[in-house]
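Hi,

Here is the structure I promised to pass on. Have a look at it first, and my notes follow below.

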Amino acid sequence: MKIHEYQAKELLRKYGVPVPRGGIACTIDEAVAVATRIGGSRWVVKAQIHAGGRGKAGGIKIATSLEEVREQADKLLGMRLVTNQTGEEGRIVRRLLIEEAVSIEQEYYIGITLDRAQMLNTVIASTEGGVEIESVAAHSPEKIFKEYVTPCRGFLPYQARRLCFNLGLKEKAVEQGVTCLRTLYTAYTGLDASLIEINPLGVTDTGALIALDTKVTFDDNALYRHPEYQELRDYYEEEPLEIEASAVNLNYIKLDGNVGCMVNGAGLAMATMDLIKLAGGSPANFLDVGGTASAKTIEAGFTILLKDPNVKAILINIFGGIVRCDRVAQGIIETVKNVAVSVPIVIRLAGTNADRAAHLLQQSGLQFTVAKSLSEAATIVTQIVQSRQ
């Protein structure tokens, strides 16, 4: 679950991470009022959307007067901001973060996330602050430093010091850096985050460290422990179909292809999308209806898939382990009779009672294509989509 920058800063401030003074504004007058309350003569006006690359896209502006704050707020509020992470559709700016402008002499990147290959939380640091870390990894990997954290020992002081030395921090800055890094790791574990980024972490002209831009993503699997996070969710920033799917406990992620996928199990869903790509097709979504797929969940899945106008065919790939394939087949038949399905459907069922399931589908009188293997199903659905283009 993603949250806005201003929300991330409020959470990190509570843990003691240094952040600039600022406030949120949803109107032009509120933006001016926040700037007035902060005081000073320079402010940063920042569009709040769930995407990076805002600065390059014109979503972050410097204002040197209250009138300029008003002008920039007027330009940003309501605009459709398109960045390298939003796609062509962009995001509508509904909130602004107004902050004091801070004089910075040096910028760094700090991040904490799970390294799945190492199966350990990892603290990442780089001297290339203010730059997308993906670009640094691609062009200057030697400028990225990592410390792996074992659960039994935690993030130790010597690891934080080593990162600070690698960044080239000197004297008092090292002490501040160690404190900042360890505080950030405490926040990472305390918040049940899957990602925390500070980019950039700035060194001011007085030598102090300050988090100029922050990003926090919560671990969805831990949300049940944090009911208070629900109020941080911004539904405007989420895909409507993903919101609808989550309301009925389906795992759905919209992609940019044209083959709708309905699968039970995340691993099987990934394999299904891979085989569609290998066959020359393009998946339109990730949809996991769960290991105990029923007629109700299948109907909900169909409803969501059919709301995506890009879907030109549907591939259903169910493994009958916990659930019997004949029950799944009966659920598919009932759903297609009740829901107006206007695109071809390719079905592959394997596992318990798969033969009976195939018989039910073939005798249903409905227009299904039944495949015996996943690779065959992926090839058939790809050919169908290509023939309809």
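Starting with the sheet in this predicted model: it is open, has four strands, and they come in the order β1-β6-β2-β3 with antiparallel pairing. The edges are taken by β1 (22-25) and β3 (60-63); each has a single partner strand, so one side of each lacks a neighbour in the sheet. On average, neighbouring strands here are turned by 20° against each other, if you ignore direction.

If you want to check the pairing at one edge, go to β1 and β6 (residues 96-100), which run antiparallel and are joined by four bridges. One residue pair to click on there: isoleucine 24 has leucine 97 in β6 as its bridge partner. Then there is helix α1 (residues 5-15), which packs on this sheet and touches β1, β2 (43-47) and β6. The direction of α1 makes about 50° with that of β6.

Next, the aromatics. How many aromatic pairs does a search of the whole structure find? The count is three. One of them is phenylalanine 155 with tyrosine 185: the ring centres are 5.6 Å apart and the planes are at 40°, so this pair is tilted. What I like here is where the two residues come from. Phenylalanine 155 is in the loop between β9 (144-149) and α5 (157-167), while tyrosine 185 belongs to helix α6 (residues 172-190), so the pair links distant parts of the chain, 30 residues apart.

Are these two buried or exposed? Phenylalanine 155 has a relative accessible area of 5% and tyrosine 185 has 10%. Buried means under 20%, so phenylalanine 155 counts as buried, and so does tyrosine 185.

Tyrosine 185 also pairs with tyrosine 188, with ring centres 5.8 Å apart and planes at 35°, so that pair is tilted as well. Those two tyrosines are three residues apart in helix α6, which means about one helical turn separates them. Tyrosine 188 is buried, as is tyrosine 185. Put together, Phe155, Tyr185 and Tyr188 make up one aromatic cluster.

One last thing to look at, this time with a charge involved: arginine 94 has its charged end over the ring of tyrosine 236, at 3.9 Å from the ring centre.

Over to you!

Cheers

Note on methods. Residues numbered from 1 in each chain as written. Predicted model: local features only at pLDDT ≥ 70, side-chain atom pairs only at ≥ 80, totals over all residues. Heavy atoms only, no water. Pairing = 2+ DSSP bridges. Axes fitted to C-alpha atoms, helices over the stretch in contact; angles between N-to-C directions. Contact = heavy atoms within 4.5 Å. Phe/Tyr/Trp six-rings, centres within 6.5 Å; stacked < 30°, edge-to-face > 60°. Buried < 20%, exposed > 50% of the residue type's maximum accessible area, 1.4 Å probe, protein only. Lys NZ or Arg CZ within 6 Å of the ring centre and 35° of its normal.
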